[in-house]
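Please open the model in your viewer and keep the sequence panel beside it. The stops below say what to select next and what is there.

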Amino acid sequence: MINYRVADLNKLMVHLKKNGVTITDTVQNVDYGKFVHIMDNEGNKIELWEPNDIAYEKLGKQMGSNTTM
């Protein structure tokens, strides 16, 4: 599965629906962002992610990861 980071998931979903893209589930909200899955024309599942950068950065630091901020 491919995961794409997007800036405005709700706005993108409106655009995708208007263009006939299959959205396979509802938006999941977690501390570090929003997720939803779509299907491309060949039946491949794609994950779209709108991050909450502050919470994601905090999670990374808690896990001992090098951060980008």
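The tour begins with the whole chain and then moves from strand to strand and residue to residue.

**Before you start**

This is a predicted model, in which local features need pLDDT of at least 70 and side-chain atom pairs count only at pLDDT 80 or more, while totals for chains, interfaces and linings use all residues. Residues are numbered from 1 along each chain as its sequence is written, and side-chain values use heavy atoms, with hydrogens and water left out.

**Stop 1: the whole chain**

Show the chain as a cartoon and follow it from the N terminus, where the elements come in the order β-α-β-β-β-β-α. In total the chain has two helices and five strands; these are DSSP runs, with helices (H or I) of at least four residues and strands (E) of at least two, numbered from the N terminus. If you colour by accessibility, buried residues account for 25% of the 69 residues, where buried means under 20% relative accessible area, exposed means over 50% and partly exposed lies in between, computed with a 1.4 Å probe on protein chains only.

**Stop 2: strand 4 and its partners**

Select residues 33-39, which form strand 4; five of its seven residues are buried, so the strand is largely enclosed by the rest of the structure. Strands are said to pair here if DSSP finds at least two bridges between them, and strand 4 can be followed through several such pairings.

- With strand 2, strand 4 runs antiparallel and is joined by two bridges; look for I23, which stands opposite I38.
- With strand 3, the pairing is also antiparallel and extends over three bridges, with N29 opposite K34, and a hairpin of two linking residues connects these strands.
- With strand 5 (residues 45-51), strand 4 is joined by seven bridges in the antiparallel sense, and M39 has K45 as its bridge partner.

The hairpin between strand 4 and strand 5 has five residues in between, and G43 in its turn has a positive phi of about 85°.

**Stop 3: the aromatic rings**

Now show the side chains of Y32, F35 and W49, which ring pairs link into a cluster. Rings of Phe, Tyr and Trp (its six-membered ring) count as a pair if their centres lie within 6.5 Å, and planes under 30 degrees apart are called stacked, over 60 edge-to-face and the rest tilted. How many aromatic pairs does a search of the whole structure find? The search finds two. Y32 and F35 make an edge-to-face pair, with 5.9 Å from centre to centre and 75° between the planes. F35 and W49 have ring centres 5.9 Å apart and planes at 5°, so this pair is stacked. The stacked pair links distant parts of the chain, since F35 belongs to strand 4 and W49 to strand 5, 14 residues apart. Y32 is partly exposed at 31% relative accessible area, F35 is buried at 11%, and W49 is buried at 9%.

**Stop 4: H37 and D25**

Is H37 buried or exposed? H37, which sits in strand 4, is buried, with a relative accessible area of 9%. Polar contacts are pairs of N or O atoms within 3.5 Å; within protein, one atom must be able to donate a hydrogen and the other to accept it, and residues adjacent in sequence count only if both atoms are side-chain atoms. The H37 side chain makes one such contact with the side chain of E47 at 3.0 Å, and the side chain of D25 makes another with that of H37 at 2.7 Å. D25 itself lies in the loop between strand 2 (22-23) and strand 3 (28-30), and at 28% relative accessibility D25 counts as partly exposed.

**Stop 5: E50**

Finally, select E50 in strand 5. Which side chain of opposite charge is nearest to E50? The nearest is K34, 4.1 Å away, and E50 is buried yet has no salt bridge. A salt bridge is a side-chain nitrogen of Lys or Arg within 4 Å of a carboxyl oxygen of Asp or Glu; for charge, Lys and Arg count as positive and Asp and Glu as negative, while His and the chain ends are not counted. A polar atom of the E50 side chain does lie 2.7 Å from the backbone nitrogen of L9.
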